[in-house]
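Visitor: Could you take me slowly through one small part of this molecule, and then show me how its surroundings fit together? I am new to this, so please explain each term when you use it.

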Amino acid sequence: MNLKIISIFFLAIFIPTSLLAYFGILAVRSEKDVVEKNMVQKYKAMADIVEGQIRHALSLAADEDLADTSYWESLLAAQAAIFKDEVAVFNRAGRPVAPPPAPLSDAVFSRPLAGLPYTIAVYERYPLILEQLEQRRRGLVLYIGLIAFSAFSILAGSFYALSALGREWRFARLKSEFVAHLSHDLRRPLTSIQMFSEMLKEGHVPSEEKKQEYYNIISNESDKLTHLANNVLDFSRVERGRIRYHFEPMDITAIVRDTVDRFKTYMLDAGRPVALAMDPCPPVKVDVHTMTQAVMNLLTNAAKYSPAGAGIEVNVKVESRKEKVESRNVKAEKSRILSTLYSLLSTSCRPKVVIEVIDHGYGVPASEHKKIFQKFYRVSKPYVSQIEGSGLGLTLVQYTVEAHGGRVKVESEEGKGSKFSIVLPV
């Protein structure tokens, strides 16, 4: 996907969401700050009034009374009583001079008396205000969380939608390339058929030998068109879920032999040898048409992506592979009996029929081993664009083999050829 499109899309979502979150948080925080500021001013004013009253009372007291601590404290308690249950006075040791409404730690505001060893503590008479303020704080946290969650959801959903659009754009581009390649692949055999048929029709062929050669070319090109049309039709049925398989026990070696013979008949590159080696195989339940098409696709790919004259090897063999399921982190304290039972049950022999098509051509880079099975995909190498192909062959091979309960394996290295294996269960 284009990095520029991603950046623009991200900024288009992120900037408005960030501004919305910022101004929303600013509004809620401003309202909370106004309430807190008014309450703090109220508490300061109450403390100022009590302190002023205390200093005024001390200025009127006689000198002999000021020497009595109990007189001091009664004076302080009397002045604090003008705000009943809202203001109390404590000495520096934290002892109240009169029964306070609550401990000093519960005070919403406290301030030491200047020049005196006492502290004025202010309490909120209406706890509902504090509860509302706390609710404001929790609401702010919740609001911030909702904004963050909404922003994350918007970005996640947007990126998901953008990635889906990106896949569709890629498929649209691949489909466009597919149509272009398909048109080119159709034009070449049609041109050959038209040219040689007109020469035969108008009697411009000097000998019977040349006529036979032209007939063979027309037949070969017709087979190519048939193979290409079958690929497109089969892929269309697979995409729409309308393909029907007719499985029946068949001799897979006979299917492969017939397919190789058909491949040899219409292969224009007559100098390309095809070596066929087959072991006796048990019957396998297959759909003859689709399996023939799958093997033919592997053969045509091997021919197209190999130099002229390079040989192709086709092997059919039976694999009786022991698949041992190993236990990870087996603890030492497990008993010997359980270990013995596990080893007996975890080893099983599953015979499989393997069809190998080996070429000595250009090979496939390791980074593209998985991509080559995607529909319309072709290896991103300059020489590939000059080779006929629709990008559907390996996709159909994978669909067909998986429908038979098997799998396709690829072993390839760039410049050293490829080996494609169809593994079918017996």
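Guide: What follows begins with one residue, moves to a pair of helices beside it in the account, and ends with some charged pairs.

This is a predicted model, in which local features need pLDDT of at least 70 and side-chain atom pairs count only at pLDDT 80 or more, while totals for chains, interfaces and linings use all residues. Residues are numbered from 1 along each chain as its sequence is written, and side-chain values use heavy atoms, with hydrogens and water left out.

The chain has nine helices and 10 strands, where helices (H or I, at least four residues) and strands (E, at least two) are DSSP runs numbered from the N terminus. Of its 426 residues, 37% are buried, which means under 20% relative accessible area, whereas exposed means over 50% and partly exposed lies in between (1.4 Å probe, protein chains only).

The residue to look at closely is histidine 404, which sits in the loop between α9 (393-403) and β9 (407-412). Histidine 404 counts as buried because its relative accessible area is 9%. A polar atom of its side chain lies 2.9 Å from the backbone nitrogen of aspartate 287; a polar contact is a pair of N or O atoms within 3.5 Å, where within protein one must be able to donate a hydrogen and the other to accept it, and residues adjacent in sequence count only if both atoms are side-chain atoms. If neighbours within four places in sequence are left aside, histidine 404 is in contact (heavy atoms within 4.5 Å) with Tyr245, Phe247, Lys285, Val286, Asp287, Thr290, Met291, Leu424 and Pro425.

Two of these partners, Thr290 and Met291, lead us to a pair of helices. Helix α7 (residues 288-304) packs with α9 at an angle of about 145°, their axes being 9 Å apart; axes are lines fitted to C-alpha atoms, for helices over the stretch in contact, and angles run from 0 to 180 degrees between N-to-C directions. On the side of α7, the contact is made by Thr290, Met291, Ala294, Asn297, Leu298 and Asn301, and on the side of α9 by Gly393, Leu394, Leu396, Val397 and Thr400. These residues divide into six nonpolar, five polar and no charged, where Ala, Val, Leu, Ile, Met, Phe, Trp, Tyr, Cys and Pro count as nonpolar, Asp, Glu, Lys and Arg as charged, and the others, Gly among them, as polar.

Charged pairs can be found elsewhere, for the structure holds seven salt bridges, each a side-chain nitrogen of Lys or Arg within 4 Å of a carboxyl oxygen of Asp or Glu. In one of them, arginine 111 pairs with glutamate 51, the closest N and O atoms being 3.0 Å apart. Because arginine 111 lies in strand β2 (residues 109-112) and glutamate 51 in helix α1 (residues 3-60), the pair ties together parts that are 60 residues apart in sequence. Arginine 111 is partly exposed at 22% relative accessibility, while glutamate 51 is buried at 15%.

Another salt bridge joins lysine 317 and glutamate 356, with the closest N and O atoms 3.1 Å apart. This pair, too, links distant parts of the chain, since lysine 317 is in strand β7 (residues 312-324) and glutamate 356 in strand β8 (residues 347-359), 39 residues apart. Lysine 317 is partly exposed, with a relative accessible area of 28%, whereas glutamate 356 is buried, with 6%.
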